[in-house]
Amino acid sequence: MADNFTLVQVPLKKDYEIPHICCSCGKPAGNRRRKVAFNGMAGTKKYSIVLELPMCEEYIQKARSMAITGLVGAVAGAILLPLIIYLINRAFGVDISKTLLLAGVAILIGLFLGSFLANWLVTALRPPEFRSWIARHQQPARIINFVGDDPSKPGKADKMIIRFFSADFAAQYVARNSGVVLDQ
Ligand SMILES: [Zn+2]
C-alpha cells in the first residue's frame, strides 16, 4: 500500500549519517531539508533530538507552488469576505460603523480562510494518489520513541525508533547508522 512506512531502530547519538535521497519517496534529494524534532522520556530521563531530512526536488517545487496558492487565496479571501459582508449589510441597511468593524475582522478571517480553501481546493481536485503523495511528504518521518534495554542502566535510553515512508531511505539510514529495520 502507498501509505506504508518502515519502522527502524538506531543507536542514540549526536549525529547521524543521512542518505542523499528523499526520505518520503526515495527519489534523488533536492537542496531542502525538513526538520523532524522529538522530545521524549525514557524512564526518568528526558531526551530530545532534531533530524534534518532531505526531500526530493519534486516536493520542494510543489511546496513552493502551494505556498503561492495559499498567498493568492489569502489575498482573495481578505478582499472577498469583507466585500460580501459590506454588501449584505448594505442590503439590510446596517449602521456603517458596525459594518467597518465587521469588515476589519473579516479581513483577518478572510486571510486564513482564503489560504486554507485555496490549497484545499487545488489538492481536492487532484487524484487520490497525489493527495497521499502530498500527505507522505508533509509528514515524511516521525521519531516514535527513545528506548533502552540495558538492565545495568535502568531508565536510560540508548536507542531511538523512527518511521520513514521511504523503504529505500530507511534501508540506507539503517545501514549507515548501525541500526535495524523493525517492521515494514
Ligand atoms: Zn519525495
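**Exercise 1. In this predicted model, how do the axes of helix 1 and helix 2 cross, and which residues form the contact?**

Step 1. Start with the axes: those of helix 1 and helix 2 come within 5 Å and cross at roughly 140°.

Step 2. Next comes the handedness, and here helix 1 passes helix 2 in a right-handed crossing.

Step 3. Now sort the residues of this contact by type: 20 are nonpolar, 10 are polar and none is charged.

**Exercise 2. Find the kink in helix 2 and list the buried residues of this helix.**

Step 1. Follow helix 2 through residues 96-124, and you will meet a kink of about 25° centred on Gly110.

Step 2. Gly110 also belongs to the buried residues of helix 2, together with Ala106, Gly114, Ser115 and Ala118.

Step 3. A reminder helps when you look at such a list: an α-helix has 3.6 residues a turn, so residues three or four places apart point the same way.

Step 4. Finally, look at what lies over these buried residues: the cover includes helix 1, residues 57-91.

**Exercise 3. Is Leu51 buried, partly exposed or exposed, and which residues is Leu51 in contact with?**

Step 1. Locate Leu51 in strand 3, which spans residues 45-56.

Step 2. Count the C-beta neighbours of Leu51 inside 10 Å: there are 18. Being buried takes 20 or more, and being exposed takes 12 or fewer, so with 18 neighbours Leu51 is partly exposed.

Step 3. Set aside the neighbours within four places in sequence, and Leu51 is in contact with Tyr16 and Val36.

Step 4. For a longer view, take Leu125, 74 residues from Leu51 along the chain: their C-alpha atoms are separated by 33 Å.

Note on methods
Residues numbered from 1 in each chain as written. Predicted model: local features only at pLDDT ≥ 70, side-chain atom pairs only at ≥ 80, totals over all residues. Bend = angle between axes of the 7 residues up to and from the residue. Helix = DSSP H or I, 4+ residues; strand = E, 2+ residues; numbered from the N terminus. Contact = placed C-beta atoms within 7 Å. Axes fitted to C-alpha atoms, helices over the stretch in contact; angles between N-to-C directions. Left-handed = near helix turned anticlockwise from the far one by under 90°. Nonpolar A, V, L, I, M, F, W, Y, C, P; charged D, E, K, R; others polar.
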